[in-house]
Amino acid sequence: MVVAISVGLHFSAAHSSLRAMEKIICSAPFSRASSEFAATKPFRTFSRRLSSSGTTIIPRAAPVTDVEDGNQGETDTIPTPVVIIDQDSDPDATVVEITFGDRLGALLDTMNALKNLGLNVAKANVFLDSSGKHNKFSITKADTGRKVEDPELLEAIRLTIINNLIQYHPESSSLLALGAAFGLLPPKEQVDVDIATHINISDDGPDRSLLYVETADRPGLLVDLVKIITDINIDVESGEFDTEGLLAKAKFHVSYNGKAIIKPLQQVLANSLRYFLRRPTTEESSF
């Protein structure tokens, strides 16, 4: 369960622009939108500052009947879709893992869609377990050959994968929170944000703390979380972000002035996250 943001993330978009992105995310074609976003305060990871990249807008999935080289499946039980973005396990690449029971094939169209974001995508491995077939990819930026470190580009990767999953496997739409944005079938059940939101902060050695967040998923959530953390001058050193059905689960290694976060600041961080996550429909005028 991991979608990671590790080794130096950098904010490149104003928060209000993310709200605009969410509004048009269902209807706009794939496009680079770097000119639409104003720069905001960067944050450090491993004391490095990185240049930003553009944000890609993901279109609504169209009705399709073909399957992306996968097994559509005849069973009544639809497996839970899982998308993992892991930046902790490989220091040189972003590792992406996609699971949807045994219904996924080679995912060539998904790989091509990710390459259109300016990425190098290599198939790492495939393995089977009781939860299904796990497809792993190794991703780097095409222009630098390095792992992805921009939260907005990581979110674009996540949304691209989910969009393709819904496009080629429409049955997954009703099991994904983002099915309401991209899919033909919105989720039958809505997640109660108050009940679904869990925040825990603990020490992870003398130099950093471990922040765990679980909440209802929605477009732009990855960028929102990082912005909330860095807005109170806390550094994100690495992280993992997992989309599991209707939920999102994030793990961040964080620090303040190179040290673990003290208890009072932990409380400030937890309160800030809880306040934002429980009011996701904040008015645009407040930004």
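Trainee: How many of the 287 residues of the protein count as buried?

Mentor: In this predicted model, 54% of the 287 residues count as buried.

Trainee: Why is lysine 227 called buried or exposed?

Mentor: Its relative accessibility is 19%. Buried means under 20%, so lysine 227 counts as buried.

Trainee: What makes aspartate 231 buried, exposed or partly exposed?

Mentor: Aspartate 231 has a relative accessible area of 43%. Partly exposed lies between under 20% and over 50%, so aspartate 231 is partly exposed.

Trainee: How do you know that aspartate 231 and lysine 227 meet in a salt bridge?

Mentor: The N to O distance is 2.6 Å, and the cut-off is within 4 Å. Both residues lie in helix α6, four residues apart, about one turn of the helix. An α-helix has 3.6 residues a turn, so residues three or four places apart point the same way.

Trainee: Which parts does the salt bridge of glutamate 240 with lysine 251 tie together?

Mentor: The closest N and O atoms of this pair are 3.0 Å apart. Glutamate 240 lies in strand β7 and lysine 251 in strand β8, so the pair ties together parts that are 11 residues apart in sequence. Glutamate 240, at 10% relative accessibility, counts as buried, whereas lysine 251, at 26%, counts as partly exposed.

Trainee: Why do the buried residues of helix α2 line one face?

Mentor: The buried residues of α2 are Thr110, Met111, Ala113 and Leu114. Seen down the axis of α2, they fall within an arc of 160°, so they line one face of the helix. These residues pack against β2, β3, β4 and α3.

Key:
Residues numbered from 1 in each chain as written. Predicted model: local features only at pLDDT ≥ 70, side-chain atom pairs only at ≥ 80, totals over all residues. Heavy atoms only, no water. Buried < 20%, exposed > 50% of the residue type's maximum accessible area, 1.4 Å probe, protein only. Helix = DSSP H or I, 4+ residues; strand = E, 2+ residues; numbered from the N terminus. Arc of directions from axis to C-beta. Contact = heavy atoms within 4.5 Å. Salt bridge = Lys/Arg side-chain N within 4 Å of Asp/Glu carboxyl O.
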